[in-house]
Amino acid sequence: MNNLISLMKINRTFFRIIFSLCMFAGSIFCLSAQTPLLLYGEWEFGLNREYVSQVNVPGVTGDPSKMAERESWFKREIKLPDGN
């Protein structure tokens, strides 16, 4: 009986490892089939949708020790990749 329980534990562990590897491989395959859309770079920046400057994203737009008095807005025009 103890041998059967040990075998079941090994099978369960083996199944979890194989399942995890399959999920990882599937995610890599799905990611490689798509072109990533990176949003780094220059963006228009403003407060309350009044865009007054250009900033690099990621980056700091003001004094990081103080909260902005109004809402910060970022805007950039991007071209989406062609779909299937």
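**Reasoned classification of a three-stranded fold**

In this predicted model, three strands form an open sheet in the order 2-1-3, and their pairing is antiparallel.

Q: What makes strand 2 and strand 3 the edge strands?
A: Each of these two strands pairs on one side only. Neighbouring strands of the sheet are turned against each other by 35 degrees on average, direction ignored.

Q: How do you know that strand 1 and strand 2 pair?
A: Pairing requires at least two bridges between two strands. Seven bridges join strand 1 to strand 2, and the two run antiparallel; the requirement is therefore met. Among the facing residues, Leu 47 has Glu 50 of strand 2 as its bridge partner, and Gly 46 stands opposite Tyr 51, also in strand 2.

Q: What lies between strand 1 and strand 2 in the hairpin?
A: Two residues separate the strands of the hairpin. Asn 48 is in the loop between strand 1 and strand 2, and Arg 49 has its place in that loop as well.

Q: What is the phi of Asn 48, and what is the phi of Arg 49?
A: Phi of Asn 48 is near 50 degrees, a positive value in a residue other than glycine. Arg 49, which is not a glycine either, has a positive phi of about 65 degrees. Most residues other than glycine have a negative phi.

Q: Is Arg 49 exposed or buried?
A: The relative accessible area of Arg 49 is 55%. Exposed means over 50%, so Arg 49 is exposed. Asn 48, with a relative accessible area of 37%, is partly exposed.

Q: Why does the charged end of Arg 49 count as sitting over the ring of Trp 73?
A: For an arginine, CZ must be within 6 Å of the ring centre and within 35 degrees of the ring normal. The charged end of Arg 49 sits over the ring of Trp 73 at 3.9 Å from its centre, so the distance condition is met.

Q: Why is the aromatic pair of Phe 45 and Phe 74 called tilted?
A: A search of the whole structure finds one aromatic pair. In that pair, Phe 45 and Phe 74 lie 5.2 Å apart, centre to centre, with 50 degrees between the planes. The centres must lie within 6.5 Å, and planes neither under 30 nor over 60 degrees apart count as tilted; the pair is therefore tilted.

Q: Which distant parts of the chain does the pair link?
A: Phe 45 belongs to strand 1 (residues 41-47) and Phe 74 to strand 3 (residues 72-75), 29 residues apart.

Q: Is Phe 45 buried or exposed?
A: Buried means under 20% relative accessible area. Phe 45 has 9% and is therefore buried. Its partner Phe 74 has a relative accessibility of 36%, so Phe 74 counts as partly exposed.

Q: How do you know that the peptide bond between Val 57 and Pro 58 is cis?
A: Omega of this bond is about 0 degrees. Most peptide bonds are trans. Pro 58 has its place in the loop between strand 2 and strand 3.

Q: Where is Ala 68 found?
A: Ala 68 is in the loop between strand 2 (50-57) and strand 3. At 47% relative accessibility, Ala 68 counts as partly exposed. Ala 68 and Leu 47 are 21 residues apart in sequence and 8.7 Å apart in space, C-alpha to C-alpha.

Q: What pattern does the protein follow along the sequence?
A: The pattern is α-β-β-β, from one helix and three strands. Buried residues make up 5% of the 84 residues.

Terms used: Residues numbered from 1 in each chain as written. Predicted model: local features only at pLDDT ≥ 70, side-chain atom pairs only at ≥ 80, totals over all residues. Heavy atoms only, no water. Phe/Tyr/Trp six-rings, centres within 6.5 Å; stacked < 30°, edge-to-face > 60°. Helix = DSSP H or I, 4+ residues; strand = E, 2+ residues; numbered from the N terminus. Buried < 20%, exposed > 50% of the residue type's maximum accessible area, 1.4 Å probe, protein only. Axes fitted to C-alpha atoms, helices over the stretch in contact; angles between N-to-C directions.
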